[in-house]
Amino acid sequence: MMLVVNFWQEVVVMRHSYLVCYDISDDKRLRKVFKIMRGFGDHLQFSVFECQFTPADLVRCREALRAVIHHEADQVLFVNLGPAEGRGERVITALGRPYTNMDSPCIVV
């Protein structure tokens, strides 16, 4: 966990950017995981979210997912992209179909 003390001696917990990718083998659990992830980050692709986590946020997300997934059949990956501050703008490139922002409502069937 990285703590930063600013000018006013406040302790600021730095957020890190994460890609959270999941492969869920059951449609019902897939919908539950999607709903959980909507509460934590930005939806980039069908099973990929970008999240800005404090250490506490990361624990809460992992625990919420741990309660839903089937540990023998499902997989959730957390890719730490480093500190969220000072990284500049997000740069996403794509092969194939161009990347489009998925801020619009997404329906999982």
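This is a short talk about the fold, three residues and two pockets of one protein chain.

The model on the screen is a predicted one. I will start with the chain as a whole and then move to details.

The chain has 109 residues, and 28% of them count as buried. It holds two helices and six strands. If you follow the sequence from start to end, these elements come in the pattern β-β-β-α-β-β-α-β. How much of the contact in this chain links residues far along the sequence? Taking the contacts with a separation of 6 or more, 70% are between residues 24 or more positions apart.

Now the sheet. In what order do the strands sit? Four strands make an open sheet, and the order is 4-5-3-6, with antiparallel pairing. Strand 4, residues 41-45, and strand 6, residues 75-83, are the edge strands, each pairing on one side only. On average, neighbouring strands in this sheet are turned by 25° against each other, if direction is ignored. As a reminder for those new to this, strands of a sheet pair through backbone hydrogen bonds, and the pairing can be parallel or antiparallel.

Let us look at strand 3, which has strand 5 and strand 6 beside it in the sheet order. Strand 3 and strand 5 run antiparallel and are joined by six bridges. Two of the pairs can be named. Tyrosine 18 has cysteine 51 of strand 5 as its bridge partner, and leucine 19 has glutamate 50, also of strand 5. Between strand 3 and strand 6 there are eight bridges, and this pair is antiparallel too. Here valine 20 stands opposite phenylalanine 78 of strand 6.

One helix packs on these strands. Helix 1, residues 27-38, lies across strand 3, strand 4 and strand 5. Relative to strand 3, helix 1 runs at about 170°.

Next, three residues from the sheet.

The first topic is glutamate 50, in strand 5. Is glutamate 50 buried or exposed? Its relative accessible area is 10%, and the limit for buried is under 20%, so glutamate 50 counts as buried. What does glutamate 50 touch, apart from residues up to four places away in sequence? The list is Tyr18, Leu19, Gly41, Asp42, Leu44 and Arg90. Leu19 in that list is also the bridge partner of glutamate 50.

Glutamine 52 is in strand 5 as well. Its relative accessible area is 31%, which makes it partly exposed. Not counting residues up to four places away in sequence, glutamine 52 touches Arg15, His16, Ser17, Asp57 and Ala84. Take serine 17 from that list: it is 35 residues from glutamine 52 along the chain, yet their C-alpha atoms are separated by 4.6 Å.

Valine 79 belongs to strand 6. At 36% relative accessibility, valine 79 counts as partly exposed. Its contacts, leaving aside neighbours within four places in sequence, are Ser17, Tyr18 and Leu19. Valine 79 can also be set against cysteine 21: the two are 58 residues apart in sequence, and 8.2 Å apart in space from C-alpha to C-alpha.

A general point goes with residues in strands. In a regular strand the side chains alternate between the two faces of the sheet.

Last, the pockets. The largest pocket has a volume of about 360 Å³. It is lined by 13 residues, and those closest to its centre are Leu44, Gln45, Arg97, Pro98 and Tyr99. What kinds of residue make up this lining? Nine are nonpolar, three are polar and one is charged.

The second largest pocket has a volume of about 260 Å³. Its lining has 14 residues, with Glu50, Leu81, Arg87, Arg90 and Val91 the closest to the centre. Strand 3, residues 16-23, and strand 5, residues 48-53, are the elements that give two or more residues to this lining. Strand 5 supplies the largest share, three residues. By class, the lining of the second largest pocket has seven nonpolar, three polar and four charged residues.

Glutamate 50 ties some of this together. It pairs with leucine 19 in a bridge, it is buried, it touches Arg90, and both Glu50 and Arg90 are among the residues closest to the centre of the second largest pocket.

Definitions and conventions:
Residues are numbered from 1 along each chain as its sequence is written. This is a predicted model: local features need pLDDT of at least 70, side-chain atom pairs count only at pLDDT 80 or more; totals for chains, interfaces and linings use all residues. Side-chain values use heavy atoms; hydrogens and water are left out. On a 1 Å grid over the protein atoms alone, a cavity is a set of points where a 1.4 Å probe fits but cannot get out, and a pocket is an open set with protein on both sides within 12 Å along at least five of seven lines; lining residues have an atom within 4 Å of a point. Grid points are joined across faces, edges and corners, and a volume is the space filled by probe spheres set on the points. Ala, Val, Leu, Ile, Met, Phe, Trp, Tyr, Cys and Pro count as nonpolar, Asp, Glu, Lys and Arg as charged, and the others, Gly among them, as polar. Two strands pair if DSSP finds at least two bridges between them. Axes are lines fitted to C-alpha atoms, for helices over the stretch in contact, and angles run from 0 to 180 degrees between N-to-C directions. Contact means heavy atoms within 4.5 Å. Buried means under 20% relative accessible area, exposed over 50%, partly exposed in between (1.4 Å probe, protein chains only).
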